[in-house]
Amino acid sequence: MTDTTKPPRRFAEIDPEQCFDMLIGESWVQASSGETFRCFDPYDDEEWGHVPVASADDVAHAVAAARDAFATWSRIPALARSAVLSRWAQLIDENSETLARLQVHENGKTITEMRAVTGSLRQTADYFGHLALGPIGSTIEPFMPNHEAWTVRQPIGVVAAIAPWNNPLGLLSWKLFPALAAGNTIVVKPSEVTPVSTLFLAKLGLEAGLPAGVLNVVTGAGPTGAALVDSPGIDKIAFTGSTSTGAVIAQRAAARFLRTTLELGGKGAQIVFADADLDRATASLVTGITAGTGQACNAGSRLLVHGSVYDEVIDRLRTLIPEVRIGDPLEPTSAIGPLASRPQYEKVTGYLDLAEEEGNELLVGGRRGEQISGVTTGRFVEPTLYATPDSQSRIRREEIFGPVGAVIRFDDEDEAVRIANESPYGLVAGMWTKDVSRAHRAAKRLESGVVWINTWRAFSTNVPFGGVKHSGIGREIGPDALLEYTETKSVWLGLD
Ligand code: NAI
Ligand code: MG
């Protein structure tokens, strides 16, 4: 007899007991220890899948495979590498729904956002495939007589790429495609929260024609990442994640003079000047804290509002924010999903408690879990805003990584810029104004790798992204990204 009381499984296509293999060289393998860990669906609270825990030995094998493959991959014509990336882009397109659903199953990001991510994955593969075909150096007439000089940019070697869980495929693609296009080989360590979507992306890469060893994926948590960082066979580390883990990695890399790109935390300031288009500005303030359920380095989590429009902006947010649809991330109408994991839910709700202890004024939201009407499953937090007049408030200073915003009132341009720059982070910042001169002035003064004027969260694969201060080192995507994966060599010729 079939059990009719149980609802159908949301991911009927995935066997919850499936054992996934990681990719080392030409083989899909289990961990040498046999040890595994489980994935977790944050919406229905169920564990699924069994994923290998790579040991330091497994990591060493993966690095050795990448090292072997480097000899060939770095020397084949760029056109051949570019062709593999083009085919990979095509396969991503054909399998986009599978990739999107796998990631929703892992971290609860909404299917609507994931469809946008898989579209951009394809663009990133294509873009770097094309960029690889461009010039790779320049000719320089040196000051010394009877000499010629030119530069070539050469691949660095074996790249260790360590990815986070909040946008695992998108943020990995910013490392993977430029690294491979430039002729490097790579060992990827996805987050322990989101390993399976990365394994599927790797499988598509092999189908596209990547030679064995060019791409390796080792799964596991922090210790697996640390073993990769400490592996003597790597030449560069590309990391996205927390500022604290980034600092540990930077220290370990410095001891060996390893090249690094680090994309770390953020606490983006969105400045609403008195002359802002308030319809567009308030809509963007909402998505600034709700996109990715606030689990985004590019969140606009500090809302700086000019005194003359403050009351009106808050009134509008009190109407707009409760309209944001909270629900099953698989439903296309859901704008906000659950927090990605138990620890992340604990962390974000801890900040809600702290906000009260600190005495910040709750402006809108503030409920969690079953306090939210209609929510019976999942780890949800309502989009929430606090007024945070005290510059020492931790709600105002720290990266919460959930749908929580700190609202700050200001009176003039200097004050707005000063408050925006008080953060130790400097990843993204933005402003809403119709005054072109002010926009130019403020854009120059904001201590941030990215400045958005009358827009927010605008991304394009050919425009660089990355931070200053505690938000990291280096740039991803755009032409700069290829520079991050190559080393300049100057070649001299003394003429007879
Ligand atoms: P994390 O920075 O510890 O993890 C990121 C990646 O690094 C994961 O793949 C992890 O396995 C790996 N890792 C951890 N320890 C490592 C080590 N010692 N050596 C090498 N690799 C290591 O971030 P976590 O613990 O997942 O999240 C904690 C907080 O970090 C979040 O609550 C959030 O505030 C922040 N975060 C920020 C991100 C951003 O893009 N700004 C992304 C992810 C997390
Ligand atoms: Mg951690």
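A polar contact is a pair of N or O atoms within 3.5 Å; within protein, one must be able to donate a hydrogen and the other to accept it, and residues adjacent in sequence count only if both atoms are side-chain atoms. This is a predicted model, where local features need pLDDT of at least 70 and side-chain atom pairs count only at pLDDT 80 or more, while totals for chains, interfaces and linings use all residues. Residues are numbered from 1 along each chain, ligands from 1 in the order written, and side-chain values use heavy atoms without hydrogens or water.

**Exercise 1.** Find polar contacts of ligand 1 with Ala-226, Ser-242 and Glu-399.

*Solution.*
- Start with the backbone: an N or O atom of Ala-226 sits 3.4 Å from a ligand nitrogen.
- Next, the Ser-242 side chain places an N or O atom 2.7 Å from a ligand oxygen.
- Then take Glu-399: its side chain has an N or O atom 3.4 Å from a ligand nitrogen.

**Exercise 2.** Describe the shell around ligand 1.

*Solution.*
- Count first: 27 residues surround the ligand (a heavy atom within 4 Å).
- Trp-165 and Lys-189 are among the closest.
- Sort by class: 13 are nonpolar, ten polar and four charged.
- Assign elements: helix 7 gives four residues, the largest share.

**Exercise 3.** Why does ligand 1 lie between two domains?

*Solution.*
- Domain 1 (22-264 + 472-490) and domain 2 (269-461) both contribute to the shell, so the ligand lies between them.
- The bounds come from an automatic or database domain assignment.

Methods:
Helices (H or I, at least four residues) and strands (E, at least two) are DSSP runs, numbered from the N terminus. Ala, Val, Leu, Ile, Met, Phe, Trp, Tyr, Cys and Pro count as nonpolar, Asp, Glu, Lys and Arg as charged, and the others, Gly among them, as polar.
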